[in-house]
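Trainee: Could you walk me through the inside of this model? I'd like to start with the empty space and then step back to the whole chain.

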Amino acid sequence: MELYRAIPASQVGRAEKDLRRHSAMRIPSNVPYVVDNLWESLRPRNMPSRRHAIYASPTPELALLNASAPLADGDEYVACRVVVEPQKIRNAQLQVTDARYHSDIRLISKWISQHGQELAELSLDQKQKLAPLFMPGLHRRELTELWKAHPLVAALCTYATQHSSFWSSASDSPRSSDGELFFELVDDADTYRLEVI
C-alpha cells in the first residue's frame, strides 16, 4: 500500500533527504493524555508506538485533509509519497480518518466523568499520586506502578483493557483508503524520504 504525508511546501527540500525515526517522544496534540497513556500501555508488541511513529494516509487527498503542521504566512500543504528504505516497518491503520475520532476517547472520558465525584473527593496527596495518569508520556512501567498502587487507576485500567477497541480494530495490513496510518521504522538506521507528487 502506498503511504502519503502532507507537509508545508517550505519544508519540501528537507523532507526529500533521508529522515529517521523520531527518537524523542511525540506528545499527542489531538488525543487526551490519559487516553494516549492507556493506548501505549495496551499496545501489542508487534504494533508501532504512536509516540515514535510517522503518521501517514493511504491517499494524497486524505493526507492533505489531515495535515496539521503549522503553516507560515503564504505557505501551503503539498502531498508527498512516503518512500521507506529498506521497507522494514511496523505499521497500523485505524478505521477512522484520525485518532481524535476514535470511540475510545469518548469511552474513557465517560468513565472519568462517571467517577469525577470520587476523584474530586480525594485528598490533595492522593490527587498528586494520580496526576501522572493525566500527564503526557507516562511509560508502561509507570502506569503499571500506578495501577498496583491505587484502586481507581486499577478500575480505569481494567475498564480500558476490557472495552478499548483501539488496538483490536487497528490493522497491521492496511487495506482501506480512508483510515489513519502510522508506522515506525524497525531499525534506528532505517530512513524514509518524501517525494512531492
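Trainee: Which helix gives the most to the lining of the largest cavity?

Mentor: Happy to help, and keep in mind that this is a predicted model. Two elements give two or more residues to that lining, helix H4 (103-114) and helix H8 (151-163). The one that gives the most, with 3 residues, is H8.

Trainee: How do the residues of the lining of the largest cavity divide into nonpolar, polar and charged?

Mentor: Let's look at the names: the lining consists of Trp 111, Ile 112, Leu 119, Leu 133, Phe 134, Leu 152, Val 153 and Leu 156. Trp, Ile, Leu, Phe and Val each count as nonpolar. The division is therefore no polar, no charged and 8 nonpolar.

Trainee: What volume does the largest cavity have?

Mentor: A good check is the cut-off for listing, 30 Å³ or more, which 1 cavity in the structure meets. The volume of the largest cavity is about 50 Å³.

Trainee: Stepping back, what share of the 197 residues counts as buried?

Mentor: The chain has 9 helices and 6 strands, and its C-alpha trace spans about 55 × 40 × 30 Å along the principal axes. Buried here means under 20% relative accessible area. By that cut-off, the buried share of the 197 residues is 45%.

Trainee: And what part of the exposed area do carbon and sulfur atoms supply?

Mentor: Start from the total, since the chain exposes about 10,700 Å². Of that area, carbon and sulfur atoms supply 50%.

Conventions. Residues are numbered from 1 along each chain as its sequence is written. This is a predicted model: local features need pLDDT of at least 70, side-chain atom pairs count only at pLDDT 80 or more; totals for chains, interfaces and linings use all residues. Side-chain values use heavy atoms; hydrogens and water are left out. On a 1 Å grid over the protein atoms alone, a cavity is a set of points where a 1.4 Å probe fits but cannot get out, and a pocket is an open set with protein on both sides within 12 Å along at least five of seven lines; lining residues have an atom within 4 Å of a point. Grid points are joined across faces, edges and corners, and a volume is the space filled by probe spheres set on the points. Helices (H or I, at least four residues) and strands (E, at least two) are DSSP runs, numbered from the N terminus. Buried means under 20% relative accessible area, exposed over 50%, partly exposed in between (1.4 Å probe, protein chains only). Accessible areas come from the Shrake-Rupley method with a 1.4 Å probe; for residues, only the protein chains shown count as cover.
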